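Colleague: I would like to learn how to read a structure such as this one, feature by feature. Could we begin with what is meant by a buried residue, and then go on from there?

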Amino acid sequence: MRVLVVQNFQGTGLGLLGTALDEAKAQIETIFPYLGDPLPKDASAHDALIVLGGGQNALADDTHPYFPDLLKLIRKFTDAGRSVLGICLGSQLLARAYNAENIIGGATEFGWQNIELNDEGESDPIFRGVDPSFPIFQWHDDTFILPRGATRLAGSIKVHNQAFRLGRATYGIQFHFEADRKVVEQWSAEFADWIAEKQPDWPERHPQDAARFGPAADAVGLKIARNWVATIRRSSAR
């Protein structure tokens, strides 16, 4: 199982996805195009693609000129029947790759928030074994309109589109299911100045919220990660 990971920002690793991929003995290739790493021309060398999050918005071609090529790569993986996963910024880029509108600003969510699955989400393989309502970590300001033909899977009170699927196994997930309490602790330290600008009470809230919501969120995140990795097995048995 060969998985290509596109990291778009410092400090945004695989988290619980890394655990699930290690369990499956996947070969992981991580590239950092924001640091100048070239993107592959096609999907032929990999069974799956993960596009991770970042502090930039999905329209930031001026500062991240590789974005248009990344959109093409997302479409090539999907067209080839490979599993694709976009998280946070990655989900916004996935929506853009299929000509959906990106909405910049006005959709701020931070910290552990509640997600609600719809009927399609409850029956989708990526949410197998997950309760219809669950807490999970969020960190974003932007959102998107669903691409034409996409199946909406989940939402929240503040942001309607939290998860969607295109085709067999191309998923856009707005929330950070990969971020367990260890990752959130890391982000809270590494991006403390950034967080303090918009969430000044986070140092006080963080320990209480981590204790209240973290155990359930970590368990759900690992289930989702394992469920998505299971789609790669089906895809690569070709």
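Modeller: A residue counts as buried when its relative accessible area is under 20%, as exposed when that area is over 50%, and as partly exposed in between. Please keep in mind throughout that this is a predicted model.

Colleague: Is Ser188 buried or exposed by that rule?

Modeller: Ser188 has a relative accessibility of 14%, which is under the 20% limit, so Ser188 counts as buried. The residue sits in helix α5, which covers residues 181-190.

Colleague: Which residues does Ser188 touch, leaving aside those up to four places away in sequence?

Modeller: Under that restriction, Ser188 touches Ile195, Trp202 and His206. There is also a partner within the helix range you have just seen, since a polar atom of the Ser188 side chain lies 2.8 Å from the backbone oxygen of Val184.

Colleague: How should I read a nonpolar core, and how many residues does the largest one have here?

Modeller: The general idea is that in soluble globular proteins nonpolar side chains tend to be buried together. In this model the largest nonpolar core has 48 residues, and those with the most contacts inside it are Ile50, Phe127, Phe134, Phe175, Phe177 and Trp228. Helix α7, residues 202-236, provides the largest share of this core, namely nine residues. A second core, separate from that one, has 27 residues, including Val6, Tyr66, Ala100 and Phe164.

Colleague: Which residues does Ile50 touch, if those up to four places away in sequence are not counted?

Modeller: Among the residues that Ile50 touches on that count are Val3, Leu4, Val5, Leu14, Leu85 and Trp228.

Colleague: Next I would like to understand charged pairs. How many salt bridges are there by the rule used here?

Modeller: In general, side chains of opposite charge can pair when their charged atoms come close. Here the count comes to nine salt bridges. One of them joins Glu23 and Arg226, whose closest N and O atoms are 2.8 Å apart. Because Glu23 lies in helix α1 (residues 16-23) and Arg226 in helix α7, this pair ties together parts that are 203 residues apart in sequence. Glu23 is partly exposed at a relative accessible area of 41%, and Arg226 is also partly exposed, at 39%.

Colleague: Which residue forms a salt bridge with Asp218?

Modeller: The side chain of Asp218 meets that of Arg181 in a salt bridge, with 2.8 Å from N to O. Asp218 belongs to helix α7 and Arg181 to helix α5, so the pair ties together parts that are 37 residues apart in sequence. Asp218 counts as buried at 15% relative accessibility, whereas Arg181, at 36%, counts as partly exposed.

Colleague: Which residues are linked in a network of salt bridges?

Modeller: Asp201, Arg205 and Asp209 are linked in such a network. Within it, the side chains of Arg205 and Asp201 meet at 3.1 Å, N to O. Arg205 is partly exposed with a relative accessible area of 22%, and Asp201 is partly exposed at 36%.

Colleague: Lastly, how should I read the packing of two helices, and at what angle do α2 and α3 cross?

Modeller: Crossing angles of 65 to 115 degrees count as roughly perpendicular. The axes of helix α2 (residues 67-79) and helix α3 (residues 89-97) come within 9 Å and cross at roughly 80°, and the two helices are therefore roughly perpendicular to each other. Their contact is made by residues including Phe67, Leu70 and Ile74 of α2 and Leu89, Leu93 and Ala97 of α3.

Methods:
Residues are numbered from 1 along each chain as its sequence is written. This is a predicted model: local features need pLDDT of at least 70, side-chain atom pairs count only at pLDDT 80 or more; totals for chains, interfaces and linings use all residues. Side-chain values use heavy atoms; hydrogens and water are left out. A nonpolar core is a set of buried Ala, Val, Leu, Ile, Met, Phe, Trp, Tyr and Cys residues joined through side-chain atoms within 4.5 Å. Buried means under 20% relative accessible area, exposed over 50%, partly exposed in between (1.4 Å probe, protein chains only). Helices (H or I, at least four residues) and strands (E, at least two) are DSSP runs, numbered from the N terminus. Contact means heavy atoms within 4.5 Å. A polar contact is a pair of N or O atoms within 3.5 Å; within protein, one must be able to donate a hydrogen and the other to accept it, and residues adjacent in sequence count only if both atoms are side-chain atoms. A salt bridge is a side-chain nitrogen of Lys or Arg within 4 Å of a carboxyl oxygen of Asp or Glu. Axes are lines fitted to C-alpha atoms, for helices over the stretch in contact, and angles run from 0 to 180 degrees between N-to-C directions. Angles under 35 degrees count as roughly parallel, over 145 as roughly antiparallel, 65 to 115 as roughly perpendicular and the rest as oblique.
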